Amino acid sequence: MDERLIQRLESAIARLESISLGSQPQAVAFDAASVSSEPSIVAFEDLVAEYVGKVTDAAGKIGGQVQDITNVVSEAFSAEKELLMRIKQTQKPDARGMAEFLRPLNEKLTEANSMSEGRRSDFFNHLRAASESLTALAWIAYTGKNCGMSMPIGHVEECWQSAEFYSNKVLIEYRNKDPDHVEWVKALKELYVPGLRDFVKTHYPLGPVWSATGATVATSSKPGAPAPPGPPPASLSSSGSSTSSSSQPKKGMAAVFQEISSKPVTAGLRKVTDDMKTKNRADRAGFVSSGEKQVRKSAPAAAKVGPPKLELVMGRKWVVENQIGSKDLVIDECDPRQTVYIFGCKDSVLQIHGKVNNITVDKCTKMGVVFMDVVAAFEIVNCSSVEVQCQGVAPTISIDNTAGCQLYLSQYSLESSITTAKASEVNVMVPGDDPAADLVEHALPQQYIHTYKDGQFLTTPVSHSGG
């Protein structure tokens, strides 16, 4: 019994000694074997083996810079696995400790970003897609709703959306040229969506779970770090005698006010003589002549135009914005659940291959749109001089506040319902009875006659007879 009591006392003393040294964190050996069989770690290893392996295999077929950036992606996922294992044996650090803890992952992200900077290469979009996508691994830094970042699942999705802007450019460029590049892009997307997203959703929906009794993150200051600021100058921190302060010359704004107060208020002003007065000057008539009046018109402020966009947002909405002079815009991979929104484009042509739910053209000038099928409606709003060609089916076509619209319908879209409001110069071209003949043009009326009859107004379009 006495020996057991002595052992307990010795263990208590050892704990007290360790607490007394708490100001200097002690390095604790990391036991990887004890956490390697955890379900979340095993799941992450499966994620790397399946999805990272696909990206690596596809990059091997391309080689060059694509292979190099893919190797960095693989190394970044390995660094993340190491951090996930350490989290299970580490206490939650503060902001400074978090930066130190995430240093291995941050180095890989910095390396990937540096590869996409500098002189633009032929694989710029590949490099940017990979480097932008790697920021999704930063979900591991989520510490709560006040940490300044989205929750882990949302963070992964947002980062991939940023990377998808560049991956779509790769698809457009190589779709009909080299299938290896298309395979690489698809494998990269699957790595994050659904790969990493589903992993985080299953195991870390609220962020990583730190150990309550594990090791602490050491944050030793580096040599050469900037020294803390010194004490304030004596003139601000210490109050001297009034005699000594008044004997010293003033500096800054005090010197300016001292100089102003020591001179007369009107010193330095020129005297106005009689010949300088307006009423005595021969060249001033005292009134404004109508012949000399000038009308100043303020120059119109240049409209701010954002960067051109052609991207898929959240997997549901294609956004085409600020395209100027682009005649070869194409949207290939369409889904009946997706919508297309075209805004602020000028002198451009967009082709939409496949069926989509809805298409909206807003504030565009001299814009051409060629589409196959829409499930709901095709809408034109606030546009001028647009041309639209429907090659399939469109149940509803709406034209609102538009000046100049040329609409081409196919034989499959002749039953479309066309609605116009505040629209002028709307012409509809339809196929004739003879398929080989030219299209027949019909002008939609823009003037109407309203007559009151039998207690209600009747509206009929104005018809003009040709001479």
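**Entry 1: terms and overview**

I note first that a residue is called buried under 20% relative accessible area, exposed over 50%, and partly exposed in between. By that rule I put arginine 103 among the partly exposed residues, because its relative accessibility is 31%. The model I am looking at is predicted.

I looked up the general make-up next. The protein has 467 residues, and buried ones make up 31% of them. I find 11 helices and 14 strands in its secondary structure. The surface it exposes comes to about 29900 Å², with carbon and sulfur atoms supplying 53% of that. I also checked contacts with a separation of 6 or more: residues 24 or more positions apart account for 38% of them.

**Entry 2: arginine 103 and its partner**

I went back to arginine 103 to see what it pairs with. It forms a salt bridge with glutamate 100, and the closest N and O atoms are 2.9 Å apart. Glutamate 100 is also partly exposed, at 32% relative accessibility.

**Entry 3: other salt bridges**

How many salt bridges does a search of the whole structure find? I get 15.

I looked at the one between glutamate 82 and arginine 86, where the closest N and O atoms are 3.5 Å apart. Both residues belong to helix α3 and are 4 residues apart, about one turn of the helix. In general, an α-helix has 3.6 residues a turn, so residues three or four places apart point the same way. I record glutamate 82 as partly exposed, since its relative accessible area is 35%. Arginine 86 is partly exposed as well, with a value of 31%.

I then took the pair arginine 197 and glutamate 157, a salt bridge with its closest N and O atoms 3.8 Å apart. This pair links distant parts of the chain: arginine 197 sits in helix α8 and glutamate 157 in helix α7, 40 residues apart. Arginine 197 has 22% relative accessibility and counts as partly exposed. Glutamate 157, with a relative accessible area of 24%, is partly exposed too.

I also noted a network: Glu75, Lys108 and Glu111 are joined into one by salt bridges that share partners.

**Entry 4: helix α6**

Why do I call helix α6 largely enclosed by the rest of the structure? I do so because 11 of its 11 residues, 124–134, are buried. Among them are Phe124, His126, Leu127 and Leu134. The buried set also includes Arg128 and Glu132.

I checked what these residues pack against. The neighbours are α3 (64–87), α5 (103–115), α7 (152–174) and α8 (179–203). Helix α3 is the one I met in the pair of glutamate 82 and arginine 86, while α7 and α8 hold glutamate 157 and arginine 197.

**Entry 5: the largest pocket**

My last look was at the largest pocket, which holds about 740 Å³ of space. Its lining has 30 residues, and the closest to the centre are Glu164, Lys189, Leu312, Gly315 and Gln338.

Which element gives the most to this lining? It is α7, with 8 residues. At least two residues each come from α7, α8, β1 (309–313) and β3 (329–331). I sorted the lining by class and got 12 nonpolar, 6 polar and 12 charged residues.

Methods:
Residues numbered from 1 in each chain as written. Predicted model: local features only at pLDDT ≥ 70, side-chain atom pairs only at ≥ 80, totals over all residues. Heavy atoms only, no water. Buried < 20%, exposed > 50% of the residue type's maximum accessible area, 1.4 Å probe, protein only. Contact = heavy atoms within 4.5 Å. Salt bridge = Lys/Arg side-chain N within 4 Å of Asp/Glu carboxyl O. 1 Å grid on protein atoms, 1.4 Å probe; cavity = no way out; pocket = protein on both sides within 12 Å on 5 of 7 lines; lining within 4 Å. Points joined across faces, edges and corners; volume = space filled by probe spheres on them. Nonpolar A, V, L, I, M, F, W, Y, C, P; charged D, E, K, R; others polar. Areas by Shrake-Rupley, 256 points an atom, 1.4 Å probe, with all protein chains shown as cover.
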